[in-house]
Amino acid sequence: MLELIQMEVNGKPVELAIDPRESLLDTLRNRLGLTSVKRGCEVGECGACTVLVDGHAVDSCIYLTVWAAGKRILTTEGLLGPNGELSPIQQAFVEEAAVQCGFCTPGLIMTAVEIVGTGRRYTRQELRKLISGHLCRCTGYQNILNAMERIVEEAYRAVQNGDVHCEIFPK
């Protein structure tokens, strides 16, 4: 039996009739065409499918779409500017060479968005722990951590200056 749900995906209202057993990963990729959400392990271990649900990073492969009813979902597609320009977080990943094959990158970026959203300053070791749910085969994590340190520091300075509407924070 299908269930009708409403949610917001990347700032736009969405209404779908879904099978209550359908994962958010399948809904986002297969129904909505949001291919930044990657299918990796399918058991919540690799982080490739990470999206934000009401501002919190979740593994969409083990998160049912019915649980997203009435919630705000954000994927990396939702971070892009009106003309397709990269968000500051995405740009930091590019500039710090934190992207190689790119498979893990969208999930790591979404975790970075959650981290940046706290407005806190983190040590490199704390950031390492915060991304421990992500597997990357290419980079050795150093450039990923460089990008995250950079954007977290920029966000922290923005919050300290009272600029909570700066462009670092997603829309």
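This is a short walk through the cores, two buried helix residues, a surface patch and an aromatic pair.

Keep in mind that this is a predicted model.

Let me start with the cores. The largest nonpolar core has 26 residues. Which residues have the most contacts inside it? They are Ile 89, Phe 93, Val 113, Leu 127, Ile 144, Met 148 and Val 152. Now look at the helices. Helix 2, helix 3 and helix 5, which spans 142–160, each supply at least two residues of this core.

There is also a second, separate core. That one has 20 residues, including Val 9, Leu 28, Val 53 and Val 58.

Back to the largest core, and to Leu 127. What does Leu 127 touch, leaving aside its neighbours within four places in sequence? The list is Ile 115, Tyr 122, Leu 145, Met 148, Glu 149 and Val 152. Two of the names there, Met 148 and Val 152, also stand among the core residues with the most contacts.

Next, helix 3. This helix covers residues 105–117, and Thr 105 sits in it. Is Thr 105 buried or exposed? Its relative accessible area is 7%, so Thr 105 is buried, the cut-off being under 20%. Beyond its neighbours within four places in sequence, Thr 105 contacts Phe 93, Ala 98 and Val 99. Phe 93 is one of the core residues I named a moment ago.

Now helix 2, and Gln 90, which lies in that helix. Gln 90 is buried too, because its relative accessible area is 8%. What does Gln 90 touch, not counting residues up to four places away in sequence? Thr 76, Leu 79, Leu 80 and Ile 109.

Hold on to Leu 80. Where is it? In the loop between strand 5, residues 72–74, and helix 2, residues 88–95. Leu 80 has a relative accessible area of 31%, so this residue counts as partly exposed. Leu 80 therefore has some surface to offer, while also touching buried Gln 90.

That takes us to the surface. Leu 80, Leu 86, Val 94 and Val 99 form a nonpolar patch there. Together they have about 280 Å² of accessible area. Val 99 we have met already, as a contact of Thr 105.

Last item, the aromatics. How many aromatic pairs does the count come to? One. The partners are Tyr 63 and Trp 67, and the geometry is edge-to-face. Their centres are 5.4 Å apart, with 90° between the planes. Tyr 63 has 13% relative accessibility, so it counts as buried. Trp 67 has 44%, so Trp 67 counts as partly exposed.

Note on methods. Residues numbered from 1 in each chain as written. Predicted model: local features only at pLDDT ≥ 70, side-chain atom pairs only at ≥ 80, totals over all residues. Heavy atoms only, no water. Phe/Tyr/Trp six-rings, centres within 6.5 Å; stacked < 30°, edge-to-face > 60°. Buried < 20%, exposed > 50% of the residue type's maximum accessible area, 1.4 Å probe, protein only. Patch = residues over 30% accessible without salt bridge, like charges linked within 9 Å, V, L, I, M, F, W, Y side chains within 5 Å. Areas by Shrake-Rupley, 256 points an atom, 1.4 Å probe, with all protein chains shown as cover. Salt bridge = Lys/Arg side-chain N within 4 Å of Asp/Glu carboxyl O. Helix = DSSP H or I, 4+ residues; strand = E, 2+ residues; numbered from the N terminus. Contact = heavy atoms within 4.5 Å. Core = buried A, V, L, I, M, F, W, Y, C linked by side-chain atoms within 4.5 Å.
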